[in-house]
Amino acid sequence: MQRVTIDPITRLEGHGKIEIFLDDDGDVANTYFQIPELRGFERFCVGRPVEELPLLTNRICGVCPEAHHMAGAKAADAVYNVEPPRTGKMLRELLYSGFYFTDHTTHFYALAGPDFVMGPTAPVAERNILGVIHKVGLEIGGKVIQARKYGHSIVEMIGGRKVHPCTSIPGGLTKGITEDQRKEIEEMGRWGIEFAQFSLSLFNDIVLGNKEYVELILGDIYTHQTYSIGLVDENNKVNFYDGKVSVVAPDGERIGKYAPSEYTDWIAERVEPWTYLKFPYLKKVGWKGFVDGKDSGVYFATPLSRLNAADSMATPLAQAEYEKFYETLGGKPVHQRLAIHWARLIELLYSAERIVELATDPEITSDDYHTVPTETPSEGVGIVEAPRGTLTHHYKTDERGIVTEVNLIVGTTNNYAPISMSIKKAAQSLIKKGTVVNEGLLNMVEMAFRAYDPCFGCATHSLPGQMPLEVTIRDANGEPIEVLKQFC
Amino acid sequence: MSEKVGVYVCHCGTNIAGTVDVENVSQWAAEHLEHRGVVIGRDYKFMCSSLGQELIQNDINELGLTRVVVAACSPHLHEQTFRTACARAGLNPYLCELVSIREQVSWVHTDKSAATAKAKAVISGGVERVRMDEPLQPLLVPIHPATMVVGGGIAGIQAALEIADSGRQVYLVEREPSIGGHMAQFDKTFPTLDCSACILTPKMVSVGSHPNITMLTWSEVENVDGYVGNFTVTVRQKARYVNTDSCTGCGICWEKCPKKILDDVYEAGFGQRKAIYTPFPQAVPKYPVIDVENCIYFIKGKCKACQIFCPTEPNSIDFEQQDELFDVQVGNIILATGYDLFDSSRIPQYGYGKHANVFSSLEFERMCNASGPTNGDILLRDKKTIPESVGIVHCVGSRDKNYNEYCSTICCMQSLKFAHLVMERTGAEVYNFYIDMRTAFKDYEEFYQRVLEEGGHFIRGKVAEITDAARTPEEEGKLIIQAEDTLIGKQRRIPVDMVILSAAIEPRYDAQEVAKQFGIACSANNWFIERHPKLDPVSTMTEGIFIAGCVQGPKDIPASVVQGAAAAARVLARIQQGEISLEPVRASVNEDKCSGCRICNNLCPFNAIIFHEDRMVTEVNPALCQGCGTCVAACPAGAISGTGYSNEQIFAQIDGLLMLNLEQPLEVVVG
Amino acid sequence: MTDTFEPVIIGFTCNWCSYRAADLAGTARVKYPPNIRLIRLMCSGRLDPTFVIKALSGGADGVLITGCHPGECHYIEQNYKALRRYLLLRRTLQGLGVEPERVKLVWASAAEGVRLAAEFTKMVEEVRALGPLNWPNWLQGNGYSAKIESQPEEVAA
Amino acid sequence: MSTNGKPKFAMYWAASCGGCEIAVLNIGEKILDVDANFEIAFWPVAMDAKYKDVEAMPDKSILLTLFNGGIRNKENEEIAHLLRRKSQILVAFGSCACEGCIPGLANLSKPQDIFDTVYRSVSTENPDQIQPQYEFQMPEGQITIPEFYPVLKTLDQVVPVDYYMPGCPPESHQIAAVVDLVIQVLKGEATLPPAGATIGAGESTVCDDCPRERNVKTIKEFVRIQDVKRIDPDLCLLEQGIPCNGLATRNGCGALCPTASAQCIGCYGPADGVVDYGARLITAYASVIDSNDPEEINRILDGIPDPVGQFYRFNLAGSIMRAGTPAWRGNGSEGG
């Protein structure tokens with residue numbers, strides 16, 4: 001038996017590692033996507049005061065600390081059964097929209113961009129953001145940097161810091177914003193709408209205008225029939241910060257919506273002995289293994305799944321793009337994983353529109369941003385949509401608000417099973433008996449999981465970022481016969 | 001530069017060598033601590049002898065020692081000895097450590113091998129510590145030649161006169177209108193039965209007329225700034241409403257004043273005074289004060305009898321007078337603020353305040369006094385009836401867990417004096433109720449014998465109750481003192497006409513505030529704490545602040561006078577020297593590291609910590625700092641360091657005591 | 001080597017009271033176990049919690065902090081600061097898995113040599129009963145869980 | 001990979017969250033200076049070299065390595081050793097590498113407790129009580145995951161470190177300043193700080209940079225931040241009863257959190273020369289408690305419900321209690 005080890009030095013609870021076993025015929029026998037690291041937040045958050053959890057859980061991920069900060073703050077609100085005032089909620093959502101704007105921008109341009117703009121089989125040296133800039137114009141580079149900077153500015157203005165924000169507390173925030181800051185945010189939001197529209201047109205020109213790419217997107221290699229989940233508001237429109245989680249079956253039927261407090265009725269996690277990370281699945285459907293279909297509890301939680309799980313977008317420009325998206329791809333739901341990139345751009349537009357909406361609300365500069373909790377703390381669940389999937393924080397405390405139990409289902413974790421499946425499918429499709437595994441091909445394997453923007457890769461945002469892969473092909477005795485390296 | 005450490009282990013005869021294998025210990029230090037800089041380890045019979053000291057001095061000169069560790073007795077005994085020896089050999093004395101292997105090892109442990117092992121650990125700690133010692137220089141502070149004495153009782157008077165007589169300036173602050181204190185209230189003094197006024201008045205007059213004494217009566221200390229040698233004391237002189245420039249003290253004003261008030265202070269509530277008054281006829285100064293709380297003019301806006309009848313030109317009564325605040329510069333301060341009498345009504349079963357004929361000791365003093373409310377006649381509260389039997393209760397509020405555990409010292413002798421006076425002036429039967437009879441000191445026991453011979457009755461036992469509830473006809477109309485007579489083991493009920501309670505001496509009600517103001521310490525029962533109970537009874541932990549008289553603890557007149565004189569002598573020695581050398585154990589702030597967080601700002605009871613608002617940094621005034629190290633330990637930024645007991649020294653000593661140094665190379669690579 | 005565990009206890013004393021009490025214990029030839037090794041500070045107010053932590057991490061099995069009785073501090077009130085720090089330090093150490101008996105605060109006046117010696121003996125026996133602090137072992141991951149539920153006891157008078 | 005004669009630069013993440021990398025990326029145009037002055041030899045986030053390539057380099061051939069993340073497992077430690085060997089200057093970069101950071105709080109628990117918590121959580125369906133195995137035999141072959149260490153270690157607990165750059169993450173302007181300094185050193189225009197120094201930070205504490213007004217401090221009660229009705233935007237947080245760690249935390253961030261009315265949680269670690277960070281906070285908070293009565297003091301201290309978390313939030317793995325060594329226990333028995 002041959003073995004291919006893809007050892008990307010990647011992130012979340014450690015580094016991702018892919019083992020591809022080939023059978024005697026040189027076909028893929030099985031693949032294992034391992035997460036070889038554990039930090040134990042769920043253990044050592046116990047004993048801490050609940051108001052610290054939005055700060056401590058920040059440190060799960062330095063790429064999306066805002067998501068943990070928000071989910072943590074919402075869970076802590078729930079623990080005290082306290083509702084932040086309207087301004088408090090809006091400020092949090094505004095911060096969060098700023099974060100989405102930055103995060104989606106960087107993912108699209110720095111990570112996904114090279115795959116499409118340069119083509120998946122382009123030489124390694126060109127397949128990075130510099131290559132993208134060379135191809136589409138230097139001006140874009142400036143815009144991307146500007147977009148990241150604007151998003152970070154909004155985060156810092158409301159959250160106090162660019163990385164690991166610190167102002168959300170049970171019942172709201174520690175501070176508000178001034179009229180000057182509001183104006184600045186509004187301007188940045190308006191610029192952001194233009195930028196998002198520009199990005200969508202770029203995608204339209206480069207990707208949708210290219211038959212090869214469209215085929216790649218629509219092809220079977222990158223398609224999985226799984227459930228979709230995503231947070232929606234009371235009108236079933238996509239919402240990142242608040243609402244219920246909508247669950248939609250592979251055939252498009254909404255099988256239900258759950259409130260944060262009901263998550264354990266819907267989601268369960270499976271433990272495998274060969275990896276530190278757990279595999280969440282839909283409890284009501286059940287775990288049937290790494291398989292597609294309505295009977296398998298495997299689901300995904302990404303920009304695409306959020307669009308699938310919702311009925312529409314809450315802002316007009318994003319709604320128009322939403323309609324175009326489904327028209328182009330043949331109606332709801334869409335299962336082609338490479339379409340996640342497109343869906344991400346629609347969310348980018350939504351986040352910019354939402355920034356303007358919130359920044360122009362007359363109450364956004366009010367100083368009524370915090371409600372002092374009065375109830376005895378006990379238990380609470382907070383859910384937000386992290387860019388990489390539904391993020392669930394669940395805390396139990398004693399009557400002093402000291403945490404006694406923590407359960408976290410982190411964004412990317414949701415997609416652990418579908419990513420594993422995508423990798424396997426891509427490997428099976430691309431590595432066939434006699435096929436020479438070359439670099440471009442490996443990139444196509446990697447494209448399978450990059451679409452999910454897994455958090456263990458998301459730190460590669462913004463630079464000529466390439467996720468290093470190493471594939472070792474071993475003969476039946478386990479001796480390496482060929483080592484291929486590539487850096488996407 | 002690597003240090004050369006010498007280790008010297010003392011046998012102290014057999015005191016140490018009997019339990020600790022001193023040869024083994026000194027050899028061990030030389031061998032096993034060589035890598036920590038120990039170049040020589042010696043043991044010697046008596047390190048503190050001149051030969052022992054020479055041993056160290058020679059090694060400093062010949063081996064070039066840069067650090068010395070002596071393992072011997074307690075540093076409290078001989079630290080100075082060995083420091084001085086080092087200094088003689090040219091080594092900074094603060095580079096010598098004395099570690100105790102006698103009081104803390106040989107005398108308290110029995111197992112020789114365990115004691116030897118511990119001695120090694122203690123020396124190891126000393127070696128590590130001494131390596132971190134820094135050469136220090138004593139701080140020299142100039143002494144301002146003027147002195148302030150606070151409190152004009154007999155202790156303060158004595159101190160003021162001693163200093164003034166030697167030609168130095170004294171400011172004597174007294175909060176009452178006259179100096180004299182409690183002694184001015186007494187009639188006779190034990191055991192000689194001198195007339196109190198006769199011996200006190202001349203001293204008071206000397207004070208009043210002394211060219212070197214500025215008397216500040218009717219005054220209180222408002223604030224104390226500065227430090228030894230250089231205090232700035234702010235004094236509030238309260239308005240007397242009497243112009244002392246023109247007043248002659250003729251007394252017409254208080255004769256004419258229509259308002260009579262019970263005098264709680266001087267007459268102990270037994271007699272009366274006017275709203276304008278001097279506390280007693282011999283008052284110094286002679287000028288009266290107006291008691292505004294009781295003066296009819298100040299209450300109702302009319303009267304002015306005093307002003308109308310004042311014969312002086314210009315008129316000496318000035319209703320517009322205001323309090324005056326002024327600063328005084330002094331180098332030393334003597335606190336002689338005295339005591340308060342225990343309030344006997346706190347012991348309800350003794351019936352003080354309930355039964356008319358139960359008197360406090362001060363009331364009785366006033367009653368005996370020829371210038372007092374009864375002109376010296378001993379009478380019942382009706383001021384007519386002469387008592388036929390009198391009970392005197394000792395230890396009222398003293399030696400009592402419910403009130404004060406201490407002995408008030410003076411009550412036994414005072415009670416004997418009362419017994420004598422009662423018998424002498426009334427012929428009444430006198431019963432003394434005592435727990436123990438304490439008649440230490442010269443001629444006291446003789447006085448006790450005299451009272452016994454005069455026919456005084458003595459019942460050894462604590463009084464349980466004083467009641468007017470008669471059980472037998474002969475008890476009718478009497479006060480019955482119930483007590484267990486422990487000598488015969490029986491309860492006794494003794495009916496008397498009059499009871500005198502020898503009440504305890506207590507610290508002034510405001511002792512804690514005063515202590516805080518002057519930056520000194522109070523004991524748990526609020527007496528001011530001396531620097532050393534035996535060897536330094538008139539100094540305090542705060543340089544430049546001395547204590548004398550009852551403020552330090554209960555004592556009689558001779559003892560108070562001794563302390564007043566002693567404090568004066570200490571102050572004069574300081575002034576004579578012109579400057580004082582302070583132990584260089586001090587805190588200092590590294591301003592680069594100080595964040596101005598102000599955590600330390602409230603921690604110093606000596607007010608040595610100053611915050612500079614403009615630069616947002618804190619500074620420690622080295623002259624005010626007493627070296628306790630509290631701020632060093634508190635600084636969250638680690639910006640405050642302390643000489644003599646630095647973190648590095650303590651950390652090193654911990655490592656040494658735990659023997660972590662044995663495997664530690666001398667050069668530690670950081671990181 | 002004896003079979004009984006011999007704990008090492010570091011004691012911090014104040015120059016004015018407890019160090020003198022220890023001297024007095026010596027002068028009076030009062031016996032106590034040799035397991036305690038003293039460090040002299042000017043005042044218990046100098047006690048930096050770091051000293052205690054350093055001693056424990058350096059291998060001491062217990063730390064005894066001593067100072068003047070409340071109200072009798074030679075620096076007026078600094079022993080109260082020691083008391084406050086001690087109470088907070090002990091809570092913290094408890095959270096880190098150090099049994100409360102291992103770090104103790106005892107007030108002793110210069111006259112209380114006999115009593116201080118008795119406190120030394122008591123502390124040595126208590127820590128002996130607890131066994132080694134064994135922090136190094138704990139750091140290898142073989143230690144116990146860091147929760148000790150008992151409440152801090154009162155300061156020894 | 002070019003070999004253009006420029007000094008080599010490396011950056012690596014061990015057990016970290018990625019925030020340090022983001023902070024480096026946030027230095028903006030300065031990144032181009034790095035590119036212009038260094039050959040990037042190893043930077044998984046940005047560059048295409050593997051462990052094996054690093055192994056092949058001559059020892060000390062990398063001039064500067066920024067190492068972020070704590071040492072949580074065997075793989076982390078192996079790479080730390082590798083990079084120490086290959087680097088002239090090894091910088092512990094960020095709170096995790098310097099002092100353990102939040103993941104260091106795991107050192108309060110035994111590994112088994114951590115496994116029991118994570119793999120038996122409320123949403124976990126694990127009837128067979130499966131836990132990850134370091135080596136596991138699948139039908140297709142054996143696969144492995146790195147051994148989880150009993151405790152999280154800081155970088156200098158496994159290899160010697162030349163410089164420390166604190167912060168969670170280090171602030172971008174501080175990173176930019178350090179980059180500038182190193183470039184100046186390369187040009188001979190500046191010298192490196194002494195070995196073992198902390199770089200990219202101040203030597204005082206956060207209060208030094210905090211704009212809030214402060215007074216002489218006395219504490220009557222500690223409050224939880226959510227219980228404060230309206231946080232005074234101008235007054236020292238500690239004076240409002242909010243346990244702010246700024247007092248004892250090294251400055252360098254610009255007092256970001258207190259400026260935003262959130263308490264400093266201590267991510268920059270202790271001030272220069274401080275031996276134990278937690279002890280500094282314990283002593284500072286306790287010293288200004290306004291009571292001499294043990295009962296009242298205890299009541300006030302109840303306002304800090306989690307002292308270990310409060311005082312060792314970022315510092316536990318790096319605290320001196322972590323670096324204990326066995327003492328000489330030869331009391332009574334001559335041995336050493």
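**Exercise 1. The A–D interface**

How many residues of chain D are in contact with how many residues of chain A? Work out what the interface is made of as well.

*Solution.*
Step 1. Keep in mind that this is a predicted model. In it, 87 residues of chain D are in contact with 92 residues of chain A.

Step 2. Put that pair in context: there are 5 pairs of chains in contact, and chains A and D share the most contacts. For chains A and B, no contact turns up, and their closest C-alpha atoms lie 21 Å apart.

Step 3. Turn to area. The size of an interface is often given as the accessible area lost when the parts come together. Here chains D and A bury about 7500 Å² between them, with 59% of it on carbon and sulfur atoms.

Step 4. Now the polar side of things. Between chain D and chain A we get 24 residue pairs in polar contact, counting pairs with both residues at pLDDT 80 or more. Helix 6 of chain D (residues 111-118) gives the largest share of the side that touches chain A, namely 5 residues. Sorted by class, that side of chain D has 49 nonpolar, 21 polar and 17 charged residues.

**Exercise 2. A salt bridge across the interface**

Which residue of chain D forms a salt bridge with A:Glu52, and how far apart are the closest N and O atoms?

*Solution.*
Step 1. Count first: the rule finds 5 salt bridges across the interface of chain D and chain A.

Step 2. Pick out the pair. The partner of A:Glu52 is D:Arg313, and their closest N and O atoms are 2.5 Å apart.

Step 3. Check the cut-off. The limit is 4 Å from a Lys or Arg side-chain nitrogen to an Asp or Glu carboxyl oxygen, so the 2.5 Å pair counts.

**Exercise 3. A sheet shared by two chains**

Trace the order of the sheet that takes in strands of chains A and D, then find its bridge partners.

*Solution.*
Step 1. Write down the order: 3 strands form an open sheet, 10(A)-9(A)-6(D), with mixed pairing.

Step 2. Find the edges. Strand 10 (279-282) of chain A and strand 6 of chain D each pair on one side only, which makes them the edge strands.

Step 3. Look at the join between chains. Strand 9 (residues 267-270) of chain A and strand 6 (residues 124-125) of chain D run parallel, joined by 2 bridges.

Step 4. Name the partners: A:Glu269 goes with D:Thr124, and A:Arg270 goes with D:Glu125.

**Exercise 4. Backbone oddities**

Where are the cis peptide bonds at A:Pro333 and B:Pro285, and what is phi of B:Cys303?

*Solution.*
Step 1. Recall the background: most residues other than glycine have a negative phi, and most peptide bonds are trans.

Step 2. Take chain A. A cis bond joins A:Lys332 and A:Pro333, with omega about -20 degrees. A:Pro333 sits in the loop between helix 11 (316-329) and helix 12 (340-359) of chain A.

Step 3. Take chain B. B:Val284 and B:Pro285 are joined by a cis bond with omega about 0 degrees. The loop between strand 15 (276-277) and strand 16 (289-290) of chain B holds B:Pro285.

Step 4. Finish with phi. B:Cys303 has a positive value, near 140 degrees, and lies in the loop between helix 9 (296-300) and helix 10 (305-309) of chain B.

Conventions
Residues numbered from 1 in each chain as written. Chains lettered and ligands numbered in written order. Predicted model: local features only at pLDDT ≥ 70, side-chain atom pairs only at ≥ 80, totals over all residues. Heavy atoms only, no water. Contact = heavy atoms within 4.5 Å. Buried area = accessible area lost by both parts, 1.4 Å probe. Polar contact = N/O pair within 3.5 Å; in protein donor to acceptor, adjacent residues only side chain to side chain. Helix = DSSP H or I, 4+ residues; strand = E, 2+ residues; numbered from the N terminus. Nonpolar A, V, L, I, M, F, W, Y, C, P; charged D, E, K, R; others polar. Pairing = 2+ DSSP bridges.
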